[in-house]
Amino acid sequence: MKKTSLRFLQTHTNMANVIGELAPDLFGEGYGDKMLYSLFAETVEQVPIAISITDKKAKILYVNQEFCRVTGYRPEDILGENESLLSDKRTPKEVYHNLWRTISSKKIWRGTLCNRHKSGQRYLSDLTIAPMLNETGAITHYIGMHRDITQPYESEKKVINQKLLIESVINSSPIAMVVLDDQDKVILDNHNYKALVSDLDKGEPATYFLTLLREEMGDLWSELQSKEQGFNNREFKVESKDNLRTRWFSCAGNWFVENEVNVDAFFENVSKQYLILTLTDITRQRRQMEELHIQTLKTVMSEDERVRGIRETLLGAMHQIQMPMNQIRAAEQILKHRRDDQHAGLLQILQQIQQSGEEAVATMQKCIPEILQAAVIPVNINQLLHEVLLLSNQRICSNDIEVHWQPKSKLPTMLGSENRLRILFKQLIDNAIDAICEPGGTEQRLKITTDTDADLIYVSIEDSGAGIPVEKRAKVFEPFYTTRTMGGNQAGMGLVMAKEIVNQHHGFIEIDPDYDQGCRFKISFPLHRQIFKGVGND
Ligand code: FAD
């Protein structure tokens, strides 16, 4: 084969008339070469890609069957015409400039043009044009090969549009949304989710919430995942680093499976599981609920305080009556022993006083209101202390008290009575606030901490008040004893009741002997105690 022919073959160009002209060069005169020529021409004719051969000015010299099918033109319609007949004139001029600049400099041009079918219908042409060179290296012809790519283009555009639509829908959602692959990698997210990345300061928010969800749901997580069943209303409290801003999120998730689109999945269906995770900020609703809860607690506790007040007043009165009654009883005994008629009248009067005194005590005893049995349930001590702080918030703020609230994170629950324990902490915190507000204090500080070890939960409530003198520390737990001038507004039963509640929970309460900056109450409760002393049976 001659040099010219070889170059023609290398540039994929030799057909019909053009091939005819070049045939002697290409295939020689032999029978075998003719066979090869006709086989080659037939291949070009039938190949399923639109092929045209033009002269240097794009005048069409040859078109194959596929060209006719794609463009709608028969050979007799188009041979001798310029390729520009196919132009829809929507293709920007620069594209043609670039096309011609490329092929004129003997390079292959590839690109997409907007073509017009004979019927007038437009289609997108994925076109390759290669120059054909003669033996001196000059361009003699061009060969164009094109495919109608309208359909794949439209499909691709539709997919892109759908993606844009989905993105704009999820972006306009007030909820943070994220799609994760089976490796927990973020595939898609919306603006609200992106905002959480900086707002929460927890690294990748999805990773943070997934850890919480897996921890909370345990085996249920993999069970739901394998069944592709979703979950919702999983609520989590998120503290900021400085514990100043608490936010609440409600998490919902749905798994879905998508077929892979990579090469590996071409012959074999390979699918991958994804999770759509939605994170709704429910802080506002939570706060409203908390406020409502606190209001309810205030009502319950003020009722409880009222009952306690009546009990203490009656117990106090009974206690006060006991003293003169004892004296009367003693006088009565003395008179009885004298056995003289002279004092018989007085003895009778004393006996009457004694009797009516006993009747009065019995009446008072009957009037002491009962404290209802309290339900024993798993109690979160941190939650109770948090509630009591909220209950006391007004007093704390109005007295400008600095609160150091240091709860132990992940404090285990203990069995107990929420109500009774709340009363206990309210009593101790109220006492602390009273002590802080006593005149003469230099600082106003209330510190509450919780802690735990394998067996016990520890609560410490300390104040910067005047403290309790060493000799009075044991007495403060006795009935009707108070360190306050004028007895305060209570009858000195607060710490008696506090101790009683601690005892009912098998706990221990003491005043820290080593603390001298004010007063520190240390309380501990056993974690695993099942038997419960009759809570509520005062
Ligand atoms: P034209 O005046 O034809 O061309 C626009 C610009 O192209 C001119 O300003 C000039 O800069 C440049 N140009 C045109 N002819 C030449 C030339 N001979 N030498 C150097 N520069 C030149 N076009 C399509 O729209 N669809 C096709 O499918 C298509 N297939 C082609 C296949 C082949 C093998 C070749 C060689 C060209 C093909 N063309 C095709 C290009 C076509 O020839 C036109 O250039 C184009 O359609 C623009 O036509 P026009 O009438 O708008 O402008």
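**View 1. Tyr96 and its neighbours reach toward the ligand.** In this predicted model, a nitrogen or oxygen atom in the side chain of Tyr96 sits 3.1 Å from an oxygen atom of the ligand. His97 joins in: one of its polar side-chain atoms is 3.0 Å from an oxygen atom of the ligand. Look for Glu83 as well, where a polar side-chain atom lies 3.3 Å from a ligand nitrogen atom.

**View 2. The protein wraps part of the ligand's surface.** How much of the ligand's accessible area does the protein cover? On its own the ligand has 900 Å² of accessible area, and the protein covers 75% of that. Four elements each give two or more residues to the shell around the ligand: helix H6 (93-104), strand S3 (109-116), strand S4 (122-133) and strand S5 (139-148). H6 supplies the largest share, with 5 residues.

**View 3. Meet the residues around the ligand.** There are 21 residues around the ligand, and those that come nearest are Ser87, Tyr96, His97, Trp100 and Asn115. Sorted by class, the shell holds 9 nonpolar, 7 polar and 5 charged residues.

**View 4. Helices H11 and H15 cross.** Here the axes of helix H11 (residues 283-338) and helix H15 (residues 418-437) come within 11 Å and cross at roughly 80°. Angles from 65 to 115 degrees count as roughly perpendicular, so H11 and H15 are roughly perpendicular to each other. On the H11 side you can find Leu297, Val300, Met301, Asp304, Glu305 and Arg308, which meet Asn419, Arg422, Ile423, Lys426 and Gln427 of H15. This contact has 4 nonpolar, 2 polar and 5 charged residues.

Note on methods:
Residues numbered from 1 in each chain as written. Predicted model: local features only at pLDDT ≥ 70, side-chain atom pairs only at ≥ 80, totals over all residues. Heavy atoms only, no water. Axes fitted to C-alpha atoms, helices over the stretch in contact; angles between N-to-C directions. Parallel < 35°, antiparallel > 145°, perpendicular 65-115°, else oblique. Contact = heavy atoms within 4.5 Å. Nonpolar A, V, L, I, M, F, W, Y, C, P; charged D, E, K, R; others polar. Near = heavy atom within 4 Å. Polar contact = N/O pair within 3.5 Å; in protein donor to acceptor, adjacent residues only side chain to side chain. Areas by Shrake-Rupley, 256 points an atom, 1.4 Å probe, with all protein chains shown as cover.
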